[in-house]
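Colleague: Please take a close look at a single part of this model, and then connect that part to the remainder of the chain. I would ask that the cut-off behind each term be stated along the way.

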Amino acid sequence: MASASASTISAEGVLEVLRQSMSQDPAARDRALRALEHWQREHCRGILLALLEILRAKDQLQRQPEARLYAAIMAKNLVGSAWDRSSSNSFGKTFAEKREWNGIDDAEKEALKGGLLCLLFAEKDSRVREQLVVLVAAVARHELPGGWPSLLAELKDVATEEAFTLEERRLALQTLKRVLVGLKGKKALLSVTSADMLRNREKLQSFVRKGAVEMESLQSSIRALVVDLHVLWRRWSGVLARGEQHWEGAGLLANAALSCVRQALLVLESYESILDQVEAFFEEALSQAVHLKDVHVGPPPGSPAAGCESSARQWRAIVGKAAMLINKCCIAAIDKHHRSFAPQVASFTSVYMETIMALDYRALQTLSQKRLVLMTRFLAKVFHNPTYKRGPALVAGTPGMVLRTPSEAYARAAEGIRKAHRYIADFWEGPVFPQFVEALITRFLVLTDDELREWEADPEGFFLVSNLELDIESEVRRCCAEALLLFLMERNIEATSRVMLSLASQAAQNQDPGALRMSEACFHAIDATALLFPVGTLDYDAFFSIDLYKYLESPSDDLVTRTMQGRVLHLLVTISPELSAESYEKALVAAIRFLQSPDLVLALYSVKLVHKLCVSDILGKGPFAEVHSALLQGHAISILTFSFSLAHRLEEGENLQMVLKLIAIEMEVVAKEANLDLIQFLAAQVPQVWQRILSLSEGENAIAGAPCQSSLINILLLLIEKTGDQCLSTPPLREVIFQLIGFCVNLGSDRASYLLEDGLKLWRCVMLHGSWQAVGQPVESSAENLFAIARSGRENHEVLCILKLYAVLCGARMVAGQEQLLTELVGHCLSDRATLKEAYSALDFLYTLGLVDAELALRVSGQAVPFLLQKLKEGELARILLEPLLEAFALFALKNESTLSGLAFGVVSELTAVLLSFKGVRGIHEFLGSAGARAAGTMKRKVAVILLALVSKYYPDLAKRHKTYIVEFGLAQAQEEAQSGGLTVEHFLDAKAGLAQPAGSDVWLRSEYYKRAAEVFARDPILNLELREVVTRTAESLVAGEREGDSVEALLGSMMGNMGLNHHHRHQGE
C-alpha cells in the first residue's frame, strides 16, 4: 500500500488504496480509509495530480468505474467543495474554504485549472461528470476572478457555439449554473494576519482596494454574462415557442440559460449598468408569462412539436418548466434587486393573479405543484416587501443617505416604486381583491384528488406535510397559500375575513362532496388566519356548536367527511381556549374518541389537539381554565390508554414522538403516587414502544429515532420519580430501562453523540431511586463506563452528578482509584473554560466527597477552590457559585482547620466582607415560604457564621475590626437555631443530596441511595456544630488580648442587651 508521505504518492499507489478502500477485508479497508483520510487532511503533495491522472485513465479503468468515481469525489473534497459545512455565515465560509484551498500546492492548482474543463467535457460516465461539475464550481469559488479569468468566457463560448453538440452545450450551461450558485455570498476576503501590514496603514488600504477591485471585476464579468445569456435564451426560446425543428433541444438550452440568468441575478449586487438589457429580458419574460396564463396551452398547430400527442406532451412539459424559471427569476429579482425590479412588479403581479384566478379543476389536478407554489411565493414576497409598501422614505432613499445627482436608473426605480405603490393600493381596495381571496381559497386550499389518495395511501406522511409551518419558502402548495393569505389578511382584514365567512356559509348550505371539500378549504382559511380576526367578528363558541360539532358526530365512513373531521380537530387547536365548559367537554370527548380512529390522520390530529389542551391547562390561561383542567384530569387514564395503542401503530418517528410527548404529559397527572395497576399497565406497554423505536432506529435511520428515544426517557424519568423502586423492581420495565441506558451511553456508538445526556439523566435517576437489589450489580459493573465518559470530556455536569451518587453508594473506594481523572475533571469544571452548570456540579460533588473522604476531596479540588476564591476577591465570581463554594470551603476548614489559611490566602478581607453581607438577609423565596427555602437560607447563614468564627480565630486583628457585627450575626443565628430546632438531616438531604422529591417522601422508602445518604449527611460537621458554642468561641477569639474588663461574658451580654435578649435568662433556660 502506498505511503502517505509526499515522496511516494503516485497514481498507481493512490489507485491501489482506492481499490483497498472498497475491499471486503475489514482490516485492509480500514488501513486504506485511514490513508485516504490522512492524504485529504494533510493535503499531501502530489495527491491531487495523482487523482487527476486516475480520472484521465478511463480507457485503462473501464472495468473499475467505482475507482474513478471515488477519485473524482476525493478530488472534489480536497478542494473543499462542501463549503457550507464550515460556517453559517458567508464570511466564515469563505475564510474556512480559503484555508482548505491554500493547503494545496500552487503547481497542483495550476495543473488542475489547466486540465479540468477538458477532462469534464471528455467524460462519459454521468456520475463522474457530476462530481467534476461540482469540482469546477469549487475551484471557481476560490479562484475567480483573478485566479481563473477565462472560466466564465470559456463556458459561455461552449454554450453559444453551434460547433458543439447539444449535450456539450447543456453541460456548459449546467456547469456555469453550478459556478454561479457557488459564487452566491462570495465576499472579498480580508484575512490579515501579518503584523507588518496591520501596523502599516498604507499597505492595509492597498490590500483592501485590491480586494474591492477583484470583486468589481467579478461583478462586471457576471453582468456581461447576463447579457449573453439573455441573447441565448431569446434565440432558443423563440424556436421552442414556434415548435420548429429541433424544438426539444432548443427548449432544453433555453431553460438552462434561463436558470443561469436566475443564479446570476442572485450573485449580482446591482444590475443598474445593464438596466436596459435586464428590463428587455423581463419584458420578453412577461410576454411569455402572459402567453402561458393558459396552463393548457399547446404547441402551434401544424408545427413539428404538434406532430403527435407524445411530442405535444413533451413540449408542454418544457414550456411549463420555462414558466417556472421565469417565475424564479422574478423572485430572485425581488429578493436581491427589489428597487430596480419595481417597474416590472405591477405587470408580473397582475399576470400571476390572473393565472391563479383562471385555474380550473382540470388544471389543479394536472398542473405541477411547484408551479402553483412559485406563483403564490412571488405574490407573497411582493406584498411582504417593505419597498412596495407605501412610504416616502422608501421612494426618496434610505434616511440620512446623502444623494448625488440622481442617475437615470435611480429615477426609473423611483418611478417604478411609485407605480407599484399605486397598483398595490388599488388592488387592496378594488373589486379584484375579494375575487383573488376567493380564488386563493378555492384553488389552493381545496384538497385535490392526489392529496386524498395520499391521505389513504400514506396517512402519516400526509399528516406531517399538512402540519408544516406556513412559510413563503415552503415547497408545499397549501403552506405557501396560507402564508399569502396571512399577508392579505394583515393588509385588509375586513375584506379578507368577509370573503372567508361568506364562502363558508355558502358551502355549508350544500351537502354534496364537492361542497364539503369547499367547506374544508374555508375552515382551513379560518384556521390559518384566526388569530388576526377582529374581536367580535366570530363567536368561536357558537361557531363550534353550530357549524363544527356536527361534523365530529358524523360517521367516518367517507374519506371527504374524514377530511372535514380532521380540519375541525385542527381548528380546535386554535380556538379551544375560547370554548365554554360545555363546548370544551364535547370537543375533548370527540378528540378522545378519534384517538382510537382506524384513520391515522384523524388519530394524529386528535393527539395534536389533546396535547394543545394539556399545554394550555399547564399554563392555566383562558376564561374557563379551571373547568378545562378538571375535565382533562378526569379523562387522563383514557387518553393515556388510547395514546399507547396509537403509538404501536405508527411508522414515522416524528409522529411517534408527538404521541410520546402527550403520554409524558398524562404521566404527570396519573402517576402522582405509586400505583400498582398503572405500573403493570406500563410494564405491558413500554416494551412494545421500545421495540417500535428500535425498529425506527435501524441502519441509516438511527438519527430519526433519537427524538423518540429521548421522549421515552422523559416518560421513564417521570415514572421513576413518582413511583421509585416499584418501577425498577418490575422486570419488563427494568429491562427496558437498563437497555435504554446502555443504548444511550455507549461511547462507541454514533447514538452517544445525541443521546448521551438523556442516557446519563436516566442512569442518575435509577441510582437515586433504586433499591440495592435493583441497582447494586449495575452500579458495580458500570463504573468503568462512567469513567470512560468522564475521560471523553462530554456531559461533565451529568457525569459529576452520577459520581456523587457513586461516592455515597460505594464510598471512597470506587472513586479513589481515579484520583487523577477526578482532579482533571474538577479542575476543568472550575476553570474559566467550563459552564456555570459544570462548575456548580463540581462544587456539589466536592462537598459530598468531602463528607465521604475529606482528604481525597481536598486533593481532588487541587487549586480550583483557591482559584474561585481569587475570582471572589476580584468580583468576578458568578453569584450562583457563591453559596456552594462557601459550603465546600467551610466543610474543608472544619475537617482540617489548617486548610483555611492555605485556601484563603490573600482573600480573607474580601471573604469576610462577603460573609458579613449575609447578616439579616432573607431571600425572596424565604419570605414567600417556598419549599426548602427556609432551610437553605438557614444553612447559608450558618456557613457564614462558621467561616467568620474561623476567621476570628486565625485572623483576630481583621475580625476585631468587625467585632460587633460578627457577634451580633452569630447571636442572631444561634437564636434562630434555638427557636426553630435547627437544621435536620432531612434539611441537608433536600439541600445537598440531589433528591427529586422532598426528603421523607414515600418514594424513598426502598431507595438504597437515600438510606446511605442519610447516614453520610448525618455526619456532616456543619449540621452537627452547635452555633451557641461557635459564638462563644468566636467571642473568646475577639476578646483575647483585650483589657481585663472585656470578658467573653461582658461582650456577649452587651451584644444581647443591644439585641433585646436576656443572656443570663437564656443560659438558665438552657
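Modeller: Ser311 belongs to helix α14, which covers residues 309–337; helices are DSSP runs of H or I with at least four residues, strands are runs of E with at least two, and both are numbered from the N terminus. The model is predicted, so local features are reported only at pLDDT of at least 70 and side-chain atom pairs only at pLDDT 80 or more, while totals for chains, interfaces and linings use all residues. Residues are numbered from 1 along each chain as its sequence is written, and side-chain values use heavy atoms, with hydrogens and water left out.

The relative accessible area of Ser311 is 19%, so the residue counts as buried; the classes are buried under 20%, exposed over 50% and partly exposed in between, with a 1.4 Å probe and protein chains only. Once its neighbours within four places in sequence are set aside, Ser311 is in contact with Trp247 and Ala305, where contact means heavy atoms within 4.5 Å. Helix α14 also holds Gly320, which is buried at 12% relative accessibility. The C-alpha atom of Gly320 lies 8.2 Å from that of Ser368, although 48 residues separate the two along the chain.

A comparable link in sequence and space involves helix α20, residues 432–445, where Gln435 is found. The C-alpha atoms of Gln435 and Met357 are 7.7 Å apart, with their positions 78 residues apart in sequence. Gln435 is partly exposed, at a relative accessible area of 44%.

For the protein as a whole, the secondary structure comes to 58 helices and 0 strands. Of its 1070 residues, 54% count as buried. Among contacts with a separation of 6 or more, 74% join residues 24 or more positions apart.

Two helices permit a check of length, the expected span being 1.5 Å times one less than the number of residues. Helix α4 (residues 65–79) has 15 residues and should therefore span 21 Å, and its end C-alpha atoms are 22 Å apart, which agrees. Its buried residues are Ala67, Arg68, Leu69, Ala71, Ala72, Met74, Ala75, Lys76, Leu78 and Val79. An α-helix has 3.6 residues a turn, so residues three or four places apart point the same way. Helix α23 (residues 477–491) likewise has 15 residues and an expected span of 21 Å, in agreement with the 22 Å between its end C-alpha atoms. Most of α23 is covered, with 13 of its 15 residues buried.

The aromatic side chains come next. The structure holds 21 aromatic pairs; rings of Phe, Tyr and Trp (its six-membered ring) pair if their centres lie within 6.5 Å, and planes under 30 degrees apart count as stacked, over 60 as edge-to-face and the rest as tilted. One of the pairs joins Trp455 and Phe462 in a tilted arrangement, 5.0 Å centre to centre with 50° between the planes. Trp455 is buried at a relative accessible area of 3%, and Phe462 is buried at 6%. Phe523 and Tyr551 form an edge-to-face pair, with 6.3 Å between centres and 70° between planes. Phe523 lies in helix α25 (residues 513–529) and Tyr551 in helix α26 (residues 540–553), so this pair ties together parts that are 28 residues apart in sequence. Both Phe523 and Tyr551 are buried. One aromatic cluster is made up of Trp233, Phe281, Phe282, Phe341, Phe348, Tyr352 and Phe378.

Charged side chains also meet rings, a charge being over a ring if NZ of Lys or CZ of Arg is within 6 Å of the ring centre and within 35 degrees of the ring normal. Lys586 lies over the face of Tyr549, 5.1 Å from the ring centre. Arg593 lies over the face of Phe594, also at 5.1 Å from the ring centre.

With a disulfide taken as a pair of cysteine sulfur atoms within 2.5 Å, the count is 0 disulfides. Cys260 is buried at 0% relative accessibility, and Cys522 is buried at 0% as well.

Confidence is the final point; pLDDT is the predictor's confidence in each residue, from 0 to 100. The average for the protein is 83, and 87% of the residues score at least 70. Over residues 1–7 the pLDDT stays under 50, and the model has 16 contacts beyond four places in sequence for them. Residues 188–193 are also below 50, and that stretch has 16 contacts beyond near neighbours in sequence.
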